[in-house]
Amino acid sequence: MGRTMMTDEQREVARVHIKADEKVYISDHPLIHNKIAILRDAGTNKKEFRELVNELAMLLTYEATRDLLVMTTEIVTGMNVKAEVQKLSGKDVVIAVILRASLGMIDGVLELLPTAAVAHIGIYRDPETKSPTRYYFKAPSDVAEREVFVIDPMLATGGSAIDAITQLKYAGCQKIHFICILAVPEGVAALREAHPDVDIYIGEMDEKLDENAYILPGLGDAGDRLYGTK
Ligand code: PRP
Ligand code: URA
């Protein structure tokens with residue numbers, strides 16, 4: 001899969017498509033905007049960057065889990081009265097991380113979903129072609145029976161997310177969500193085209209990709225900023 005760069009006209013079409021599309025959710029929450037503002041800043045250090053990525057992951061997970069199934073059950077409250085309460089039902093969800101940068105989000109997600117299992121998918125972008133290159137896949141043996149949340153800070157060309165979701169579908173997964181902090185219209189359009197059944201949760205939608213397929217205005221290389229590998 002090669003890199004796709006859009007014309008301005010195509011980008012505008014994708015943008016309109018996104019607004020009208022009920023499976024793409026772009027956050028309008030002030031806390032998310034404020035944290036992303038600090039995250040983008042070149043002066044934000046590794047420690048702050050890591051904390052913000054986890055906090056954003058938690059906030060975005062809160063939005064993305066709105067439709068999780070619940071069941072009604074009866075308990076006795078601290079007031080010694082019976083009450084009907086709602087608890088999560090079904091098998092624990094799986095969080096799929098795309099190595100490496102998604103690891104920076106996992107603690108924040110697990111704060112909200114502490115009993116979730118974690119799938120690890122090793123993919124890096126080829127430096128020349130920007131195509132996704134696979135190097136690892138490990139998911140729970142019953143992943144096909146579980147709802148899956150794929151997380152990644154960045155949706156650029158969409159190649160990595162598309163390939164990760166393709167691998168999960170090959171493993172039998174049927175209900176998949178994708179959560180990212182930053183995206184660009186061409187990445188969203190590519191992901192929608194490849195996997196129209198997957199809903200997408202985005203912190204902020206950026207303008208475009210540069211000639212190296214980096215998001216602009218963006219935040220830089222998420223993995224490098226998390227792990228100090230520049
Ligand atoms: C980054 C990011 C995504 C991918 C997005 O990972 O975490 O996985 O790029 O780009 P795409 O939408 O064009 O595929 P990267 O390949 O830099 O690997 P790393 O996390 O190991 O640094
Ligand atoms: N991956 C990143 O880490 N940053 C980008 O801007 C694009 C892909």
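User: Which residue stands opposite Ile200 of strand 10, counting from strand 9?
Analyst: Phe178 stands opposite Ile200 in strand 10. Strands here are DSSP runs of E with at least two residues, and helices are runs of H or I with at least four, numbered from the N terminus. The model is predicted: local features need pLDDT of at least 70, side-chain atom pairs count only at pLDDT 80 or more, and totals for chains, interfaces and linings use all residues. Residues are numbered from 1 along each chain as its sequence is written, and side-chain values use heavy atoms, without hydrogens and water.

User: How many bridges join strand 9 to strand 10?
Analyst: Six bridges join strand 9 (residues 176-183) to strand 10, and the two run parallel; two strands pair if DSSP finds at least two bridges between them. The chain passes from strand 9 through helix 6 (residues 185-194) to strand 10 in a right-handed β-α-β crossover, that is, clockwise from the first strand over the helix to the second with the strands pointing away from the viewer.

User: And what about strand 1?
Analyst: Strand 1 (residues 24-26) is joined to strand 10 by three bridges, also in parallel. Val24 of chain position 24 stands opposite Ile200.

User: Is strand 10 mostly covered or exposed?
Analyst: Strand 10 (residues 199-205) is mostly covered, with seven of its seven residues buried (under 20% relative accessible area; exposed is over 50%, partly exposed in between, with a 1.4 Å probe and protein chains only).

User: New topic: which backbone atom lies 2.8 Å from an oxygen atom of ligand 2?
Analyst: A backbone N or O atom of Ile215 does.

Terms used: Chains lettered and ligands numbered in written order. Polar contact = N/O pair within 3.5 Å; in protein donor to acceptor, adjacent residues only side chain to side chain.
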